[in-house]
Amino acid sequence: MLLTGLSVADARAEPIELSFGVASATVLRGIALGVGGVDTHAAAHYAHPDGWRASLGATALHSKPSPRHRWDAQWFGRLGHALRLDDDWSAQLAYARYAYRGSALLRRYAHDEFGATLAYRDLLYVSVAGLRRGRAPVGGSGVAYDLVARQALPMSLSAS
């Protein structure tokens, strides 16, 4: 899966950034959501100079195969604080909420998470997060680990 994103912010460090992307599938915590096809993503990110970060976004994903094609939405919000450790490394603590409208199948993946990330420049991210999903009988908790590599491409595109 290759995810490309277009950043509307220019090369300066702007406090607000808009991103748009497409993906061959939406994968969250190792689970492929939807039934495949091209999913679209949009998000707005705000970064305050003192380290506070906030994001709101949505992903439109295919949920039912033909003959009656249907789209569902993944909504997310994130609030966190980042700290620059040196010129190359940074760390962040963040709370995130993922919610779904549409199919009952996707709604069961709604969850809250609190995580910590260690980043090398804007190239490599290592994260660990505690997850909490709903209430009994389908609720539960767990831990997730992420390793993300990102490469800048021409025309404000990137590959992750």
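1. A quick word on terms before we start: pLDDT is the predictor's confidence in each residue, on a scale from 0 to 100. This is a predicted model, and strand 9 (residues 111-120) has the highest mean pLDDT among the elements of the protein chain, at 95. Strand 1 (residues 4-7) has the lowest, at 42. Over the protein chain the average is 82, and 84% of the residues score at least 70.

2. Please look at the start of the chain with some care. Residues 1-12 stay under 50 in pLDDT, and for this stretch the model has 37 contacts beyond four places in sequence.

3. On to the overall layout. The protein chain holds 13 strands and one helix, arranged along the sequence as β-β-β-β-β-β-β-β-α-β-β-β-β-β. Of its 160 residues, 27% are buried. Among contacts with a separation of 6 or more, 35% come from residues 24 or more positions apart.

4. Strand 10 (residues 124-133) is a good place to follow the pairing. Strand 9 pairs with strand 10 in the antiparallel sense, over nine bridges, and within this pairing phenylalanine 114 has glycine 130 of strand 10 as its bridge partner. Strand 10 is also joined to strand 11 (residues 140-149), again antiparallel, by ten bridges. There, alanine 129 is partnered by alanine 144 of strand 11.

5. The turn between strands 9 and 10 deserves a look too. Three residues separate the two strands of this hairpin, and arginine 121 sits in the loop between them. Most residues other than glycine have a negative phi. Arginine 121, although not a glycine, has a positive phi of about 50°. How accessible is arginine 121? Its relative accessibility is 47%, and because the partly exposed class runs from 20% to 50%, arginine 121 counts as partly exposed.

6. Finally, a pocket worth opening in your viewer. The second largest pocket encloses about 230 Å³ of space. Its lining is made up of Leu28, Arg29, Ile31, Leu33, Tyr109, His111, Leu131, Arg132, Arg133, Gly140, Ser141 and Gly142. Strand 4 (31-33), strand 10 and strand 11 are the elements that each give two or more residues to this lining. How do the lining residues divide by character? Five are nonpolar, four are polar and three are charged.

Key:
Residues numbered from 1 in each chain as written. Predicted model: local features only at pLDDT ≥ 70, side-chain atom pairs only at ≥ 80, totals over all residues. Heavy atoms only, no water. Helix = DSSP H or I, 4+ residues; strand = E, 2+ residues; numbered from the N terminus. Contact = heavy atoms within 4.5 Å. Pairing = 2+ DSSP bridges. Buried < 20%, exposed > 50% of the residue type's maximum accessible area, 1.4 Å probe, protein only. 1 Å grid on protein atoms, 1.4 Å probe; cavity = no way out; pocket = protein on both sides within 12 Å on 5 of 7 lines; lining within 4 Å. Points joined across faces, edges and corners; volume = space filled by probe spheres on them. Nonpolar A, V, L, I, M, F, W, Y, C, P; charged D, E, K, R; others polar.
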